[in-house]
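Trainee: Please take me through the nonpolar interior of this model, then the contact between the chains.

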Amino acid sequence: MKNKKHITCDITVIGAGFAGMVAAARASALGLKTVQVGNSSQLYFASGLFDFLGVYPLHSRTVLQDPLTGLSLLQKEMPEHPYSKTSLEAILKSFDFLARFLQSTGLNYIKPDKENRSVLTSAGTFKPTCMIPETISKGCLLKNDTNLLLVDFKGLKGFCAGQIADVLKKNYPNILTLSVGVPGGNGNLNPAYFATMFEDSSFLKEIATQISPFSDKVELMGMPAVCGINKSLDALTRLEKMTGLDIFEIPMMPPSIPGLRLKNAFEKKLAENNVHFLSQAKIKSPQFNGSEFILNAVNQNMETQIKSRGVILATGRFQGSGLHAQRGCIKETVFDLPVYQPDKRSLWHHLDFFEKQGHMINTAGVETDNVFRPVDTDGTVVYENLYAIGSILARNDWIRLKSGSGVSALSAFTAVNDFYKKNAAGDIDVSD
Amino acid sequence: MPKLKLSLNLKPALFNTIFQSKLFCASKTRWVIHFLVFAGFTFLVFFHALDELTSFNLFQYYQPTLDPFQFLRNLAGFLVLTGCIGFLFRRLFKTRINRENKTKYKEIFSIILILLVIISGFMLETVKIISEPAFLEMVEDYSDLDEDTDLNALMTYWEKNYHVVFKEMLIITEDTLEKGRLLNDAYCLDCHSKIKSAFVSKTFAMHLGEIANSLNHYRADNWLYPIHYLLSFLMLICLPFSRFFHILMIPFASATHKMTSRHFQKETVSVHPATFAACTNCGICSEVCSVYPNFLITKNKQILPHSKIESAGKMIFSGHLNPEALNQLQLGNDECTMCNNCTDICPSGIDLQGLWKTLPQTLQKMGYPDNYTFVKDKALQERGKKQAGRTYELTRNLAGRVYSFENCVQCTICTNVCPVVAYAGNDNDMTPQQIMNLLRLGEKQMAAETRMVWNCLTCYLCQEHCPSEIKVADIILELRNISNQTAGRLKIMTATNKANKL
């Protein structure tokens, strides 16, 4: 049986991925009455690293050391890209806001630097990124002659110290590896549960006693990113004290614990900020009555009617089901907005899987004006107060450009600011 | 069979037997009706039926026709009559929780038997009142009246005051009445109280009219005796084979163990088989059963305590249950949450919960273990292999539809949040994400045979965390139901095969 509830609010964020979370964070921080609808579990796939711009131009196939030069080139060459709609200043401000927001939840991030940071991954490669959790930050101290200890845990799948060392050994010859046995483990560890064990000091002690023999031989230690969930930095610091080593985490395959930390941090703080979160609900048959959106959020046992002045669409692409690939064309699933896409299905993917320019389908999405309001094919704004943010934005191959978090944070920040300016603030400057 | 253990608990037994205290707590209406019959009938049995043993010895001047005995007998009969009518009314017009017609007719038979005994008693008393031959015999035996005028006077007095019906018309005058009164005082009053105290029979007698003479002519008072006796003996014969047996068994059931927390710690509970007979199948237990909603969904009657005890009794005493019924009994008993509601309310004072606790052991010995054990023993898997090629009729819902699990990206989030997987102490075999993978491989039957589907707590964490919004917990629950059906089917098959071999 479905009970129907009614909510009236200023702004509704559809989607609870990274972009949706930033939008809800910004909206609630500005004091807007916010409703969020969606499934926050997509954050399990987030690495916890915030990329700005890691690769440009696409075909260069090299890591971009200085994102700013890349950005100015991108803004010149790709005027339709989300980054080209605003200034560098806005991008930095959105990152700044994000860092402050997460700091207030106890999740510390190292603020953007002029240069991209290289973060060691569980595949033994380095990933260029911009803003990183403090627990990962010491990995940037890694130099070619560093005496490094790589630790893995027996039973934890998807992370092998030996494999990483093997990939790195050409450039980093002084790497030792260690497999730590887990007390009480039954041979099969699942990261999310395993991570909670690190918040127990007796467990930390047992781990530390196995690592301590290496304290004199190495100066830096890398371990999989499973060191605690809600008090990760605290757990890591304690482990450092026990072992006398500098320790950094290495991001893993999903389910990613830094992603889970991000999810918990957002959920906790947004709840404190009175964001009404309708978990796992879907928007059915949205309507616009001239001044307000009327949205029906439906989940398994409840139906909620939301009346909202503004809507932020952060439903993601195919994985998040913001876009749906039909036989002939790609559709936007909530408002049926016009979708920028290749003319024919045969053009969606290039014949060469490793094509330098990437695949056309990865640029599909919703086209917007400069404040991220979806526009029609002739360039007119569809709804005054409807914004689209995050990966649903068109002409944005964020996986290849390594710019996903940057585009999400920027578009969320800009869209909410714009809505606030037009509907609530009057002349107050909300850019900070 | 549960082993016999007698340890009497007299206080509740007395209380529940004499005052039916538990029935009073369960339902006031039922108590009133039941108590009318109980009190009336007990009085009649002790002071009327067994009067040679009791009343004559206890009371020096006892005569059935003397007050207060005459009045009390009528009152008791009247109470039983009212109670029985109440019983019948409830049986016929009040639909009770899922009752079988067979039990209903069994009860109606018992009630009608009581009614017949009581009515025949009243009829007997009525025809004795009006009987002229009986009057004349009494006069012959107990007086020395010689003159016709004296006899006539007594007859006049008795016709007027005791409602005897005489063939001849008697001329009533003041003088004869006065004379009759004096003679009555002299010969009859010692043994005959005023007739108005027999208020039921007297009313009948007064309204007989013309029939009275023919009744007297055929000596109805003589042949109604054997009828009344025969009916009473019939009731006595039926006692152990009908619902009447509860009269003897309830004190017994109420006296044996009650499961309290104290008992629970000390010893295992055991139920004496005789307690089955204490059950009157009143159905009050099922009205308070916490898993009654399960019955509404599954329609398995063996969930309800009053049906369960009936089947269990049949199973233990006569072994008349077929494999299908035994399987249903096992499934039904499996649903019991041991909330103790049924034991608390049972008017017969039966330790029902003790029975539910011992029932699985009995069933297991008979080849009907609970389904979890069945699956754990791998028996299912082996049998599953043996009958490869057989297609299971699977419901076309979630686990059978590709779109419900095709979006799974095997990200293992469900496994990561699963408390069953996280607990290292159990013997879990597959994780939720592996079950989704089995479904993707088309191995639905294998997925249904994993221990995970039985270990699942249905906490729904997996479903709530799934980024692809797959209904993981719903699917697992559905697989458990499929497995449940399969296990039941295999158990029946095994039992039938065994029976065929024998």
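Mentor: The cores come before the contact between chains A and B.
This is a predicted model, in which local features need pLDDT of at least 70 and side-chain atom pairs count only at pLDDT 80 or more, while totals for chains, interfaces and linings use all residues. Residues are numbered from 1 along each chain as its sequence is written, and chains are lettered from A and ligands numbered from 1 in the order in which they are written.

A nonpolar core here is a set of buried Ala, Val, Leu, Ile, Met, Phe, Trp, Tyr and Cys residues joined through C-beta atoms within 7 Å; buried requires 20 or more other C-beta atoms within 10 Å of the residue's own, with C-beta atoms placed from the backbone. The largest core has 152 residues, and those touching the most other members are A:Val22, A:Ala23, A:Ile312, A:Leu313 and A:Ile389. Helix H11 (residues 404–425) of chain A contributes the largest share of this core, nine residues; helices are DSSP runs of H or I, at least four residues, numbered from the N terminus. Leaving out residues up to four places away in sequence, A:Ala23 touches A:Val13, A:Ile312, A:Ala314, A:Ile389, A:Ala412, A:Ala415 and A:Val416, where contact means C-beta atoms, placed from the backbone, within 7 Å. A second, separate core has 32 residues, among them B:Ile309, B:Cys342, B:Cys346 and B:Leu355.

Between the chains, the contact takes 14 residues from chain A and 14 residues from chain B. On the chain B side, helices H24 (413–417), H25 (419–422) and H29 (461–465) each supply at least two residues, and H24(B) gives the most, with four residues.

Note on methods:
Contact = placed C-beta atoms within 7 Å. Buried ≥ 20, exposed ≤ 12 C-beta atoms within 10 Å, placed from the backbone.
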